[in-house]
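Thanks for coming. I will take this one from the inside out, and then stop.

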Amino acid sequence: MLKRDERYELVKPMLEIGKIKSFQDIFKIVPKTIVAADLGTKVDRFTKLMKRIEKFTLEDVFTIARYCELSVHEILELVEVEYLQSKDRIKKMAFPYEQGNQNLSDNSSKSEKAS
């Protein structure tokens, strides 16, 4: 068995009661410095990976799962939630005007129908 920080043991119970809902939530319990050291990576690189979850290797994700005693299914669900959240954030930052334009086109089509 891998030697690990005792805080890893808290992840699974917290997931089961709904306190952990995304991959990032794990690091509220186990500090990223600990996880980065366990993965053999520098904290700066790990922080960059956390911001772009799709850059993590499956090996890293599965290693984190092993340390947390999570199944592949459980960790991949957390990664999926995180990926979709980050994808939405990136899209909103890249295209902040889409919301406004969509409302304008909806209003113009309504006025065209009324004519």
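**Core, salt bridges, surface**

Start at Ile 26. If we set aside its neighbours within four places in sequence, Ile 26 is in contact with Val 11, Ile 20, Ile 64, Cys 68, Ile 75 and Leu 78. Keep in mind that this is a predicted model.

Now the core. The largest nonpolar core has 26 residues. Those with the most contacts inside it are Phe 23, Ile 26, Phe 46, Phe 56, Ile 64 and Ile 75. Which elements give two or more residues to this core? They are helix 1, residues 11-16; helix 2, 26-29; helix 3, 32-39; helix 4, 43-51; helix 5, 58-68; and helix 6. Helix 5 gives the most, with five residues. As general background, nonpolar side chains in soluble globular proteins tend to be buried together.

Next, the charged side chains. How many salt bridges are there? The count comes to four, and I will go through three, including the one between Asp 25 and Lys 28.

In that pair, the closest N and O atoms are 3.1 Å apart. The two partners sit in unlike surroundings: Asp 25 counts as buried because its relative accessibility is 12%, under the 20% limit. Lys 28, at 67% relative accessibility, is over the 50% limit and therefore counts as exposed.

Glu 54 pairs with Arg 52, and there the closest N and O atoms are 2.6 Å apart. Is Glu 54 buried, exposed or partly exposed? With a relative accessible area of 35%, Glu 54 is partly exposed. Arg 52 is at 39% relative accessibility, so Arg 52 counts as partly exposed.

Arg 7 forms a salt bridge with Asp 5, with 2.8 Å between the closest N and O atoms. Arg 7 has 33% relative accessibility, so it counts as partly exposed. The general point behind such pairs is that side chains of opposite charge can pair when their charged atoms come close.

Last, the surface. Leu 58, Val 72 and Leu 76 make a nonpolar surface patch of about 260 Å². Of these, Val 72 is found in helix 6, which covers residues 72-94. Why does Val 72 count as partly exposed? Its relative accessibility is 45%, which falls between the 20% and 50% limits.

To recap: a 26-residue nonpolar core, four salt bridges, and a nonpolar patch made by Leu 58, Val 72 and Leu 76. That is all I have.

Technical notes
Residues numbered from 1 in each chain as written. Predicted model: local features only at pLDDT ≥ 70, side-chain atom pairs only at ≥ 80, totals over all residues. Heavy atoms only, no water. Patch = residues over 30% accessible without salt bridge, like charges linked within 9 Å, V, L, I, M, F, W, Y side chains within 5 Å. Areas by Shrake-Rupley, 256 points an atom, 1.4 Å probe, with all protein chains shown as cover. Helix = DSSP H or I, 4+ residues; strand = E, 2+ residues; numbered from the N terminus. Buried < 20%, exposed > 50% of the residue type's maximum accessible area, 1.4 Å probe, protein only. Core = buried A, V, L, I, M, F, W, Y, C linked by side-chain atoms within 4.5 Å. Contact = heavy atoms within 4.5 Å.
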